[in-house]
Amino acid sequence: MKTKILSLLLLALPLLAIDYRVKLEPYQSISIKSETSGIVKTVKKANHSFVTKSSVVRLNAASLDIEIASLKNELNNQNKIYKIQKARHASKSKLDSISYYEKTQEELSKRQALQSLYSLRKQLKLKQEQRKKYTFQVSKKYVGDIYVNEGEFVSPGMKIMDVYDISKSKLTLYVSKEDLVDIRDKEIYVGGQKSDYKINYVASTTDTNYISSYKVELTKDNNDLGMQFGKIVQVEFKTKYGE
């Protein structure tokens, strides 16, 4: 009779579980800092909201815009000069009445025009790359705190805003060596419910802070823009009894 009761009790415990309390986090947290100096021109009211695509913060780049416009004009003119020089060289190189020296000079002029064209293109590209640093654009990310205001001076290294990638949610645990055994074969429950979380990462060495534990990272795709990140959830790794 005792054996029968014990068997029934064991059947009533279909799962063994490893239990943790873990903070729900975004997949990635990014601290945006300025790479240049300037005066803040515009700041959109995007803090604590999901941004599909928008330039959230802009620095005043009026003088740089003038330089870029001037370089574009120079580049356009130089391109015309090069085309003329190239046509002259092609035309004169076919004439027997033109001396070798004159033909050489025409070729040299063409090469100089081409070199000037390349130089202007390089200058324009560098200025355009520099211009990008004056705009802080966010695409499909959640904006947290914004640390600057319109009219404020920004220096290199100054923090502009916090941005979070919430396309996935993440749970980070620190697991003992014993509990790590066959952890990839266990079912993952969050808040008492079987979840879609998958093990994304298992450390092969113990953690520098939790020296007797191994870091384990769980992730899953997130389609809920209103997910409450920061809350503590219960995470369990369950396996069927007897497995």
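Where does methionine 227 lie? Select it and have a look: methionine 227 is in the loop between strand S10 (213-221) and strand S11 (232-240). Keep in mind while you click around that this is a predicted model.

**Stop 1: around methionine 227**

Show the neighbours of methionine 227. Leaving aside residues up to four places away in sequence, methionine 227 touches Leu24, Ser169 and Asn222. Now draw a distance from the C-alpha of methionine 227 to the C-alpha of leucine 126: you should get 41 Å, for two residues 101 apart along the chain.

**Stop 2: helix H2**

Next, select residues 62-92, which make up helix H2. This helix has 31 residues, and from its first C-alpha to its last it reaches 45 Å, close to the 45 Å expected at 1.5 Å a residue.

Which residues of H2 are buried? Colour these: Leu64, Ile68, Leu71, Leu75, Gln78, Tyr82, Gln85, His89 and Lys92. Then bring up residues 100-132, helix H3, which is among the things covering the buried residues of H2.

**Stop 3: from H2 across to H3**

Side chains of opposite charge can pair when their charged atoms come close. The count of salt bridges here comes to 8, and three of them are worth a click.

Start with aspartate 65 and arginine 131, whose side chains meet in a salt bridge at 2.6 Å, N to O. This pair links distant parts of the chain, with aspartate 65 in helix H2 and arginine 131 in helix H3, 66 residues apart. Is aspartate 65 buried, exposed or partly exposed? Its relative accessible area is 34%, so aspartate 65 is partly exposed.

**Stop 4: further along H3**

Stay on helix H3 and pick lysine 132 and glutamate 129. Their side chains meet in a salt bridge too, at 3.1 Å, N to O. The two residues are 3 apart in the helix, so about one helical turn separates them. Switch on a surface and compare the partners: lysine 132 counts as exposed, at 53% relative accessibility, while glutamate 129 counts as partly exposed, at 38%.

**Stop 5: lysine 194 and glutamate 187**

For the last stop, select lysine 194 and glutamate 187. They form a salt bridge in which the closest N and O atoms are 3.4 Å apart. With the surface still on, check each partner: lysine 194 is at 56% relative accessibility and counts as exposed, whereas glutamate 187, with a relative accessible area of 29%, is partly exposed.

Note on methods. Residues numbered from 1 in each chain as written. Predicted model: local features only at pLDDT ≥ 70, side-chain atom pairs only at ≥ 80, totals over all residues. Heavy atoms only, no water. Helix = DSSP H or I, 4+ residues; strand = E, 2+ residues; numbered from the N terminus. Expected span 1.5 Å × (residues − 1). Buried < 20%, exposed > 50% of the residue type's maximum accessible area, 1.4 Å probe, protein only. Contact = heavy atoms within 4.5 Å. Salt bridge = Lys/Arg side-chain N within 4 Å of Asp/Glu carboxyl O.
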